[in-house]
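Please look over the sequence and the structure below before reading on. The paragraphs after them go through a few places one at a time.

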Amino acid sequence: MAPPPGPAPARWRGRRRGPEAEGRGAEWRAGVGMEKLRSSLFRARRSAASEPVRLRKRKSTLYAAECSNSEQGRGTGLFGPNTYLIIFSVALRSVNCLLVQTSFVPDEYWQTLEVAHNMVFKYGYLTWEWKEKLRGYTYPLIFASFYKLLQIFKKDTVQLLIWVPRLVQSFLAALADVTLYCVVKKQANEEVAKWVYFSQLCSWFTWYCSTRTITNSMEAVLTSFIFYYYPLQGTKTGSSSKYLALTAFAFVVRPTAVILWLPLLFSHFWQEAKKLDLLLYKCLPAGCLSLGFSLIVDRIFYGEWVVVQWNFLRFNVIQNLGSFYGSHSWHWYFTQGFPVIMGTHLPFFIHGCLLVPKKNRILLIAVLWTIIVYSFISHKEFRFIYPAMPICMVFCGYSLANLKIWKKRAVSFLFLSNVCLVLYTGLIHQRGTLDVMQYAQKLCTNTQLEKEEPSLFFLMPCHSTPFYSYVHCPIKMHFLECPPDLSGNNTYIDEADLFFKEPLTWLNIRFSAQASLPTHLVIFNVLEQNIEPFLRTKSYIKVATFFHTHVPEGRTGSHIHVFERKMNG
């Protein structure tokens with residue numbers, strides 16, 4: 001029997017143990033030691049099992065970016081935790097909107113606001129494109145909805161009718177800016193995303209166009225949204241259904257929007273393992289829903305079923321009749337168009353093309369493809385390739401993120417060079433055509449004080465100014481029209497060309513009867529000398545002058561003059 005633990009009994013003390021007792025004591029001590037060691041080991045295991053396992057964090061930048069992206073991607077939606085960035089972007093684009101007080105192209109009024117005004121208030125001029133059913137009502141419907149709300153609450157003042165649509169477009173542009181930041185942050189890292197966002201905000205042409213109510217601005221907004229959901233090769237982001245639905249909607253807004261996305265659509269189809277499922281369950285529903293919505297909206301306002309997207313493509317691309325409004329050489333986008341809209345961003349774009357990862361090369365292909373395709377269309381404008389600019393800013397962001405020595409100087413150069421262009425083009429260049437409409441609006445308020453109901457005739461290149469959407473008054477207004485000939489008559493000359501060919505003769509024929517004379521004539525200063533005899537004999541006196549541009553060209557002068565007919569007696 002083994003001795004009990006603890007001190008030895010008193011009767012054993014002082015006795016000399018024999019060899020056998022010494023051996024048994026050694027074995028007992030060894031056994032006790034093993035028991036203590038075993039119990040301590042099991043206690044350590046139990047405590048270790050009860051605590052969570054802690055892994056050492058790796059210091060790799062790539063690993064940190066992946067962890068950050070995965071954490072932010074859970075339950076954060078499209079914009080994630082970027083609330084302050086959204087607030088800043090909305091505030092900045094609102095300031096952007098207020099600092100753009102100049103005109104750019106007629107379509108920002110005649111194809112959107114004028115149409116929306118006609119939809120809600122039942123008066124407003126619809127151009128020949130609407131009579132030929134080349135334009136859809138989907139995009140103007142956005143602004144018509146806000147016009148209707150203003151009408152319901154009896155807040156349809158001229159200033160609100162002018163600024164509310166532009167502020168709506170500004171809000172959409174701000175969301176697009178944040179979306180671009182988010183997608184680059186997911187696909188690359190926060191450093192690159194930061195510089196892409198900076199490039200987007202300080203781009204002079206984006207500042208100049210993003211808050212304007214033209215379809216190209218909406219295209220650019222949709223570019224950022226589509227890019228967010230597009231499944232780039234090597235990334236886990238993207239949603240086929242969402243990006244295809246947005247692409248289809250962009251096609252509805254402006255059919256040529258599909259040009260930019262064709263290479264990306266083909267790339268996605270090529271990489272997709274289940275190609276038939278992609279076509280049947282993703283592409284077909286997205287296309288049918290968007291086109292169906294467009295058909296219903298156009299059916300309501302046109303009064304008949306019409307596919308305006310086909311009419312638009314047939315006129316502008318297949319028949320190439322857009323050249324009636326001017327044509328340029330095939331290389332214009334490469335030598336002038338793209339360099340001008342990129343401005344001082346151009347060298348950074350070229351540098352960024354050499355730095356982007358392989359998965360982003362498809363974006364460069366899409367940009368080049370867009371420029372090449374548009375180069376085959378005779379009628380060219382800067383705004384046509386504007387929707388590709390958000391993608392171009394990705395390359396600029398990669399360039400700035402990889403600069404080391406010259407980064408501060410490059411950033412300062414970009415900011416200062418673009419600010420100068422922003423202020424000049426937004427506040428000075430081509431502002432007269434908007435200022436003169438404020439004068440026209442005042443005529444409406446003074447109608448009751450006038451002996452004769454006021455009427456205006458704009459003897460300017462067609463669609464030089466906005467129309468009823470900037471006056472909001474059914475005052476009599478006329479302008480020189482310039483619809484193209486669709487009958488194939490080679491000798492056709494529109495009204496504007498006939499007038500500028502022989503302005504004095506045209507006026508004497510048109511206003512041979514004294515009663516048909518308008519109370520006010522609006523002209524560019526370059527025309528005044530040619531029609532001075534008519535102005536003198538018909539008792540027209542100059543009553544207002546508005547600055548327009550420092551670079552007059554052709555029929556467009558540096559100033560706009562308003563002449564009023566004085567009644568005898």
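Leaving aside neighbours within four places in sequence, M342 is in contact with F349, M389, C392, M393 and C396, where contact means heavy atoms within 4.5 Å. M342 is part of helix α15, residues 332-342. Helices (H or I, at least four residues) and strands (E, at least two) are runs assigned by DSSP and numbered from the N terminus. Is M342 buried or exposed? M342 counts as buried because its relative accessibility is 0%; buried means under 20% relative accessible area, exposed over 50%, and partly exposed in between, with a 1.4 Å probe and protein chains only. M342 also lies 7.4 Å from S203, C-alpha to C-alpha, although 139 residues separate the two in sequence.

Some notes on the model come next. This is a predicted model, in which local features need pLDDT of at least 70 and side-chain atom pairs count only at pLDDT 80 or more, while totals for chains, interfaces and linings use all residues. Residues are numbered from 1 along each chain as its sequence is written, and side-chain values use heavy atoms, with hydrogens and water left out.

Now take the chain as a whole. Its secondary structure comes to 24 helices and five strands. Of its 569 residues, 48% count as buried. Among contacts with a separation of 6 or more, 75% are between residues 24 or more positions apart. The accessible surface comes to about 29600 Å², and 62% of that belongs to carbon and sulfur atoms; accessible areas come from the Shrake-Rupley method with a 1.4 Å probe, and for residues only the protein chains shown count as cover.

One helix to look at is α8, residues 190-201. Helix α8 has twelve residues and reaches 16 Å from its first C-alpha to its last, close to the 16 Å expected at 1.5 Å a residue. The expected span is 1.5 Å times one less than the number of residues. At the start of α8, a side-chain oxygen of N189 comes to within 3.0 Å of the backbone nitrogen of E191. How many of the twelve residues of α8 are buried? Nine are, so the helix is largely enclosed by the rest of the structure. Among these buried residues are W195, Y197 and F198. Their cover includes α3 (83-98), α7 (158-187), α9 (204-209), α18 (389-402) and α19 (407-427).

Helix α18 also holds S399. With 1% relative accessibility, S399 counts as buried. Which side chain does the side chain of S399 meet in a polar contact? The partner is the side chain of H351, at 2.7 Å. A polar contact is a pair of N or O atoms within 3.5 Å; within protein, one must be able to donate a hydrogen and the other to accept it, and residues adjacent in sequence count only if both atoms are side-chain atoms. Not counting residues up to four places away in sequence, S399 touches F348, H351, G352 and L355.

Another serine, S210, lies in the loop between α9 and α10 (215-229). S210 is buried, with a relative accessible area of 4%. Its side chain makes a polar contact with the side chain of N96 at 3.3 Å. Beyond four places in sequence, the residues that S210 touches include R93, Q169 and Y386.

Turn last to the strands. Five of them form an open sheet with mixed pairing, in the order β2-β1-β3-β5-β4. Strands pair if DSSP finds at least two bridges between them. The edge strands, each pairing on one side only, are β2 (476-479) and β4 (540-547). From one strand to the next, the twist averages 20 degrees.

At one edge, β1 and β2 pair in the parallel sense over four bridges. K476 in β2 is the bridge partner of S455. M477 and F479 make up the covered face of β2, whereas K476 and H478 make up the uncovered one. The loop between β1 (455-459) and β2 contains H472. H472 is not a glycine, yet its phi is positive, at about 50 degrees. At 17% relative accessibility, H472 counts as buried.

At the other edge, β4 and β5 (residues 559-565) pair in the antiparallel sense over seven bridges. H561 in β5 is the bridge partner of T545. S539 lies in the loop between α24 (532-537) and β4. Phi of S539 is near 65 degrees, a positive value in a residue other than glycine. S539 counts as partly exposed, because its relative accessibility is 25%.

Notes: Axes fitted to C-alpha atoms, helices over the stretch in contact; angles between N-to-C directions.
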